[in-house]
Amino acid sequence: MERLEAIVSRAIEGWSARLFGAKLQPVQIAKRLIRTMEAHQTISLSKTFVPNSYVVSLSATDFAQFEQYRRSLERDLAEAVLSAARERNFTLLDFPSVEIERDDDVAPGDIRVSCALVDASGDEVEADPKSLGAVESGHTMVLDREKLLRERPRAPKASVEVTSGERSSVQLGPEPLLIGRDQQNDVVLDDPRVSRKHAEIRLRLGRYTLYDLQSTNGTYVNGRRVAEVVLNDGDRISVAGLDLIFRSAD
């Protein structure tokens, strides 16, 4: 327990002070992630594999208090998972990822964590010794953070076609794809109906997921308004009346 406290304190240093007075602290999320990792061990030959992809579900109230710093906090939590895995000599298939999401079914102060083993291609791997046997040979323990940062996971081949105005196609990858009116977005839709930061597409547990960023006029997929949805090949995304099409090679 002392080692756990030390790992979490190093990885999340500064967050508690930044969010002083909040009901739910980042250190509590980090501890829950590490406990989840420890509870999902798969022993195969001489190695112990643990999940490297995590989704943290929080209540609307708790999510709101972290929203402004969410991306930075997700990176710090991923490093806390990496440090804990290294401390315990666990094996990760790739650099850990943590995503924080809002779930209206979660009570304030509660934390729900789902996890998966995801390989470098972004595909989920079945958590059993037989499935992991294929990656035993040549696989090394995740230790070198700088090397891991250079070798982020390959994402499934997919793209977004912009059909409104001048047609174009944008390739998706492991980093989030931002959609909105602001010129700093990856897909810029210059229309007053579009919010400055309207929506984004993120790689989550090996699948691309579309998130509405609390836009004014909403985000629709195949005619249905969504807050978030896993995308499938051919899905038509409507952003304030402007259309995009999701294309997947899978």
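This passage walks through the fold, from the whole chain down to a few individual residues.

The model is a predicted one. Its protein chain works out at 7 helices and 17 strands. The chain has 250 residues, and 47% of them count as buried. Contacts between residues at least 6 apart in sequence lean towards the long range, with 59% of them joining residues at least 24 apart. As for the outside, the accessible surface adds up to about 12900 Å², and carbon and sulfur atoms account for 45% of that.

Turning to the sheets, 5 strands make up an open one, running in the order 10-9-11-12-15 with mixed pairing. Its edges are strand 10 (187–188) and strand 15 (228–230), each of which pairs on one side only. Inside that order, strand 11 (residues 199–204) and strand 12 (residues 207–212) sit antiparallel, joined over 6 bridges. One of the facing pairs here is glutamate 200, which stands opposite tyrosine 211 of strand 12.

Strand 16 (residues 236–239) is another one worth following, starting with its 3 antiparallel bridges to strand 13 (residues 219–221). Within this pairing, tyrosine 220 has serine 238 of strand 16 as its bridge partner. Strand 16 also runs antiparallel to strand 17 (residues 242–248), this time with 4 bridges. Isoleucine 237 faces leucine 244 of strand 17 across that pairing. Strands 16 and 17 together form a hairpin, with 2 residues between them. Alanine 240 sits in the turn and takes a positive phi of about 55 degrees.

Two loop residues also go against the usual backbone habit. Most residues other than glycine have a negative phi. Asparagine 89, though not a glycine, has a positive phi of about 60 degrees, and its place is in the loop between helix 5 and strand 4. Glutamine 214 is not a glycine either, and its phi is positive at about 55 degrees; this residue belongs to the loop between strand 12 and strand 13. Asparagine 89 counts as exposed because its relative accessible area is 60%. Glutamine 214 is exposed as well, with a value of 57%.

Glutamine 214 turns up again in the second largest pocket, where Phe63, Glu67, Arg70, Asp212 and Gln214 are the lining residues that lie nearest the centre. The lining comprises 19 residues, and the space in this pocket is about 560 Å³. Helix 5 (70–87), strand 4 (97–102), strand 11 and strand 12 each bring at least two residues to the lining. Strand 4 gives the most, with 4 residues.

Among the helices, helix 3 (residues 26–39) has 14 residues, and its first and last C-alpha atoms are 20 Å apart, close to the 20 Å expected at 1.5 Å a residue. Its buried residues are Pro26, Ile29, Ala30, Lys31, Leu33, Ile34, Thr36 and Met37. An α-helix has 3.6 residues a turn, so residues three or four places apart point the same way.

Finally, there is threonine 48, which lies in strand 2 (residues 47–49). With a relative accessible area of 17%, threonine 48 is buried, because the cut-off is under 20%. Leaving aside residues up to four places away in sequence, threonine 48 touches Gln41, Thr42, Ile43, Phe90 and Thr91.

Technical notes: Residues are numbered from 1 along each chain as its sequence is written. This is a predicted model: local features need pLDDT of at least 70, side-chain atom pairs count only at pLDDT 80 or more; totals for chains, interfaces and linings use all residues. Side-chain values use heavy atoms; hydrogens and water are left out. Two strands pair if DSSP finds at least two bridges between them. Buried means under 20% relative accessible area, exposed over 50%, partly exposed in between (1.4 Å probe, protein chains only). Contact means heavy atoms within 4.5 Å. The expected span of a helix is 1.5 Å times one less than its number of residues. Accessible areas come from the Shrake-Rupley method with a 1.4 Å probe; for residues, only the protein chains shown count as cover. On a 1 Å grid over the protein atoms alone, a cavity is a set of points where a 1.4 Å probe fits but cannot get out, and a pocket is an open set with protein on both sides within 12 Å along at least five of seven lines; lining residues have an atom within 4 Å of a point. Grid points are joined across faces, edges and corners, and a volume is the space filled by probe spheres set on the points.
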